[in-house]
Amino acid sequence: MNDRTVSPQTASDQAASDQAASDQAASDQAASDQTASDQTVSDQTVPAAVDVRREPADPGASRRPILSLVPLVFRHPALVVLTILSGLLSHGFGVASAALGAWLVGEAVTGASPADALTTPVVLLLATVVAAALARWWQMWVAHDLAYRLLADLRIRLFDGLERRAPGYLLGRRTGDLAGTVMADVETTEWFYAHTVLDYVVAALVAVGATGVLFVFHPMPALAVAVFLILLATVPVWLARQADAQGRRLREELGVLGAEVVDGVQGLRELVTFGRGTDYLHRLGERTRALQRRQLAYGRRAGLEQAATDALVAGGLTTVLVLAASLVAQGDLPMAMLPAVVVLAVSAFGPVIEVTGTARSLGQIRAASQRIFAVTRQRAQVVDRSAEPPDGPLSPHVEFDGVSFTYTEDRPPALSDCTFEIRPGETVALVGHSGAGKSTCAHLLMRFWDVNGGAVRIGGADLRDLPQSHVRDLVSVVPQDVYLFNRSVMENIRLGRPEATDEEVREAARQARVDEFAAGLPNGYDTLCGERGAQLSGGQRQRIAIARALVRDSPVLILDEAVSNLDAENEEALQAAIRNVRHGRTTLLIAHRLSTIRSADRIIVLRQGRVAEEGTHDELAGTSGEYRRLLAHQTGGIVDVGDD
Amino acid sequence: MMVHRRLLALAGDIRRPLALNILLGLAVTASYIAQGLLVAQILARLLTGQGIESSVGLLVGLAAAVAVRLVLLLLAETAAQRTAHAVKERVRARLFAKLLALGPGYLTLRRSGDVRTVLVDGVEALEAYYSRYLPTAAICLLGPLSILAYLATRDPLSVLLIAVFIVVVLIGPRLLDRLVASTGEKHWGAYGRLSSDYLDVMQGMTTLKAFNAAGRERATLKTRAEDLRHATMKHLGVSLVDSGVTTLGLLAGPALAVGVGALRLAAGSVDLLTLLLVMLLARECFRPLGDLSKFWHAGYQGISSSKEIEKLLEEAPLVAESTAPVPLPRGRSAPRVTFDGVTFRYPDRKDPAVRDFTLHIAEGETVAVVGPSGAGKTTLVALLLRYFDLQQGAIAIDGVDLRDVSLDDLRANVAVVAQDTYLFTGTIADNIRLGRPDATHKEMVAAARSANIHDFISALPDGYDTAVGERGLNLSGGQRQRIAIARALLKDAPILILDEATSSVDGAAESLIQEALERVAAGRTTLIVAHRLSTVRDADRIVLMRDGVIREVGGHSELMNREGDYARLVAAQEVTA
């Protein structure tokens, strides 16, 4: 598999994926700008503008998602063959032992063989039974080996899909939020791979095989068995539409119950302080009962299917019994074969019954695979034209030259003919209302997307001519919402440059004022940052992010300032850290605080994707332009937008 | 066998639905036995040379047995669902009632995701145990026993052979369970950790991409996944032995009985009908055992989730309700709130969050508590709402110690506007009415007007009936806050707490909220907690906290003149011209 950003898909499913991707491009890319405009390079908080209602209406990643799961199996052809083989042996020996037992009875009854001659078949019978048990163990083992390999493949494919898409939107959700769902979806497919897909093959082969053996005895019972087998295999199809609809309603209702419980847990404080606990319990009870009505309907249908299966088996048994009896009466079948024929017919049903049972869980697997493929079939947002880094070092001179950019065609341009430069070592503050294009500038400078018109250059080189990895070596980012991995503080800082020594990491931490609070953490720099870094305050997280950028020592820096939630103490330390990281670097500052804005060398005011004004604070504050208007709306040192 | 007394106790009294389940299951088994008996008879007749015509009556009986079973299977499925539902409904209600009793303080100690998982997935996982595993276990005891008892009257030796294998099927895999349980747990634990590492990395994908670390992380995860798969497969090699043993028992029991029976028939020591009965009924003995093995894993899930459920149900309450509660005085517009020498330490922490804290808030006074995060400000709010009890000192309202007041009474007297207001699934009106469900529409609109949110709501297409929450319209931080204020206004409680009420809001939104807040605070005793200092300068008094203790107290100008910590903090925050 390819290690880089290029899709690891094989040529054969590329065609299918292109189709799927275009089906869905419209809807999920529509979500991607509203998105990108008010959020820079962050993985967390869902901006208010994101409409979660979009999610259920996600596009069919594939019309037959379950069938799309199947080809993956053939990445491990040897295991597929072994799984089928072991399944055949396991079921085959099972059927053989039943038939052999019945044959023994027939022989004994009719006295066709003397008692001594039966000893060998009895031993053979026992050997068959032991072989069946061994084969069963082997089958489970190989099937799980295959399944776990496929799960590992799927996880990596999801990783790649998300990597291609980040930081955009998928299925109406941010890639980070989607990760949890799709990881659970992968677990769901285990059932399909270990217990379903190849079992169908085995069941079909065993049924055909048993029928074939019957045919050798006499065509009539074989024909009867074949008819009943076909009926049996179609049982899940009879009520398939109803099953689908019921399954969907059931999942929806389960989702509603889940949301209701979330309400109760997240809103517990409100329920308790407003004394509304009892009302909520009633609501929860109602929801639970509503779910139960759905489950009951689902269960009734499942029960009906089970009853139909049972009746078909009994019907098959009776038919073969009567048929075989009349064949014996006509002398077409030896009397001694009668029990064997009947038992063989009944055992042919066994594996088929087993797999019709598994069909009931297909609905869940279908929904899971749909989401998985929506992610894995993502095309890259940016494709490298060249894999070669430039010959010499590039000067950290950033130019936006007539840049136009639109996230999707149905949305207004995020940037139109936007031109400005940041000279080496200079700090330029971008200010403007949310949606003015500040974050888009950052995205383009990171080459998360490519421009539609004009060019973004570093040191005179068009970013499109540089490999993405090279661009991201040149540019470091300190995002507004910092994502900390559940690793030690040390490792989180080292993320940017894995080969950094402990001393280098500590030095960066000192500069970023991380050392001030790291010493107070339970295990110092070895303290885990906790699930999503929950134990650290916003300011502390930002300081770790600054250390992360410092340790990379890249010449260009994007600094997206946090809007709120800092107390005065932390703020002092954070400002000091920001001063340190900016020092000597070409900095694009997405600023919200007047104090920060004033510290920039120049200010660029963006308005609807264009540069409205440009100059120093003193110059701009003196005019009566956009900057003045922004200042007039500031409260408590925050120059931004009202969110209303 | 897995019949857990505690798991049964968890479900409450489900004897009747369970008994119905078992009865129906036994009836199904009986119909299989009847089928076996009839087929044996038919085969016996055929094998002794009688034509199929002699068995017409038996065949009709066979059809009847099948038809009856069809109905029974349908009924059994419904009964199983009903048992499951009775259990789930009861357990979920008990869990939530427990959560309400533990209160919001509990959630600050636990991850809310875990609690949610227990309430939804954990409870759903119980289903299979009660509706499938338990009835099947009972049928396994009764069904095969009665078959064996009947066969014993005809042929004790075959019964012995079959019984041996029943024991193998029931006990064999469970003996192995013990053997593999410890290593298994370790493996699945490692597997779970790998999954959560994947999740961690995927959630942080944008960061990885920005730092050129995606390829590296991918390679690391891939190697780890491969290593873990190897280890898992080694472990599975042992743990999957149970499916082999079950298969062995299920096949070997009937096979051996039939094989030996055939030899004995040939030797003339058993008769034909007996052998046929052994052949057909032995399979029926093992049918419920096969089902039990199938349901065992599902049932096991129930057992593991029941551990989590019990853990939650057994949590000790964080505060004890007074046995003889004193009612808070009514009719007074704004009571006095006193903190006297309050010391409090969170259960899992070393250091107290609040130490020897004394503050008297006069009738109708507005006091602001400020300080860096971790200073103990929010703890004061939790203590005033009695989410926790103090280790030392006392908090009183109009001289009545909180511990002597009933929790409902206390919370009816306090309204909170918090930083992260939760909006419930429902309409905007529902959410405002949370403050007082019996409020008239007029009163609700009046509250919304005072909270500066009425104009916004009226402009929405569905107005007050607009759906909000998880699945509805997403509101901005400022809008949510104003709905929270409307809620608090409607509740009309004499004590008001503003807990970082404006800190998640920026710019222009803040002035609208500030204005609304001033309206709410009028005529009430108000405690404000904030770290943005610009929002508290109009308070009657400002308390500066750090590390759980009071550093400075006074009015804004008084504290500014003192040129202490407060003045320094203000200077740090307000660098604006």
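These are my notebook entries on a predicted model with chains A and B.

**Entry 1: getting my bearings**

I began with the make-up of each chain. Chain A holds 23 helices and 12 strands, and chain B holds 19 helices and 12 strands. I then looked up burial. In chain A, 59% of the 644 residues are buried, and in chain B the share is 58% of 577 residues.

Next I checked how far along the sequence the contacts reach. In chain A, counting contacts between residues at least 6 apart, 77% join residues at least 24 apart. For chain B, residues 24 or more positions apart make up 77% of the contacts with a separation of 6 or more.

**Entry 2: the annotated spans in chain A**

I turned to the UniProt record, an unreviewed entry. It places the feature "transmembrane region" at residues 78-105, 117-138, 197-217, 223-241, 311-329 and 335-356 of chain A. I picked out two of these spans to compare with the model.

Residues 197-217 of chain A are 100% helix and 0% strand, and their end C-alpha atoms are 31 Å apart. Residues 335-356 of chain A come out at 86% helix and 0% strand, with 34 Å between the end C-alpha atoms.

**Entry 3: a buried arginine, A:Arg472**

My next stop was A:Arg472, in helix 15 (residues 468-474) of chain A. Which side chain of opposite charge is nearest to A:Arg472? I found A:Glu163, 5.1 Å away. A salt bridge has to fall within 4 Å, and A:Arg472 has none although it is buried.

What does the side chain of A:Arg472 reach instead? I found the backbone oxygen of A:Arg447 at 2.8 Å. I also listed the neighbours of A:Arg472, leaving out residues up to four places away in sequence. Among them are A:Met446, A:Phe448 and A:Arg552 from chain A, and B:Lys209, B:Ala210 and B:Asn212 from chain B.

I followed A:Arg447 a step further. A:Arg447 forms a salt bridge with A:Asp450, with the closest N and O atoms 2.8 Å apart. A:Arg447 counts as buried because its relative accessibility is 1%.

**Entry 4: helix 19 of chain A**

A:Arg552 is one of the residues that A:Arg472 touches, and helix 19 of chain A covers residues 538-552, so I looked at that helix too. Helix 19 of chain A has 15 residues and spans 22 Å from its first C-alpha to its last, close to the 21 Å expected. Is helix 19 of chain A enclosed or open? I noted that 14 of its 15 residues are buried, so helix 19 is largely enclosed by the rest of the structure. Just after this helix, A:Asp553 takes a positive phi of about 55 degrees.

**Entry 5: salt bridges**

I then went through the salt bridges. How many are there over all chains? The count is 49.

I looked up A:Glu626 and A:Arg607, whose side chains meet in a salt bridge at 3.3 Å, N to O. This pair links distant parts of the chain, with A:Glu626 in helix 23 (residues 626-632) and A:Arg607 in strand 11 (residues 602-607) of chain A, 19 residues apart. A:Glu626 is buried at 5% relative accessibility, whereas A:Arg607 is partly exposed at 41%.

In chain B, I found B:Arg524 in a salt bridge with B:Asp492, the closest N and O atoms being 2.4 Å apart. B:Arg524 sits in the loop between helix 17 (508-521) and strand 10 (525-530), and B:Asp492 in the loop between helix 16 (477-491) and strand 9 (495-499), so the pair ties together parts of chain B that are 32 residues apart in sequence. B:Arg524 is buried, with a relative accessible area of 9%, whereas B:Asp492 is exposed at 51%.

I also noted a network of salt bridges in chain A that links A:Glu253, A:Glu260, A:Arg283, A:Arg287 and A:Arg294.

**Entry 6: B:Ile542**

My last look was at B:Ile542, in strand 11 (residues 541-546) of chain B. B:Ile542 has 0% relative accessibility and therefore counts as buried. I listed its contacts, again leaving out residues up to four places away in sequence. They include B:Ala368, B:Val370, B:Val536, B:Val553, B:His556, B:Leu559 and B:Tyr566. For B:Leu559, the separation from B:Ile542 is 17 residues in sequence and 8.3 Å in space, C-alpha to C-alpha.

Terms used:
Residues are numbered from 1 along each chain as its sequence is written. Chains are lettered from A and ligands numbered from 1 in the order in which they are written. This is a predicted model: local features need pLDDT of at least 70, side-chain atom pairs count only at pLDDT 80 or more; totals for chains, interfaces and linings use all residues. Side-chain values use heavy atoms; hydrogens and water are left out. Helices (H or I, at least four residues) and strands (E, at least two) are DSSP runs, numbered from the N terminus. Buried means under 20% relative accessible area, exposed over 50%, partly exposed in between (1.4 Å probe, protein chains only). Lys and Arg count as positive and Asp and Glu as negative; His and the chain ends are not counted. A polar contact is a pair of N or O atoms within 3.5 Å; within protein, one must be able to donate a hydrogen and the other to accept it, and residues adjacent in sequence count only if both atoms are side-chain atoms. Contact means heavy atoms within 4.5 Å. The expected span of a helix is 1.5 Å times one less than its number of residues. UniProt positions are given in the numbering used here, feature names are shortened, and annotations may be inferred rather than shown by experiment.
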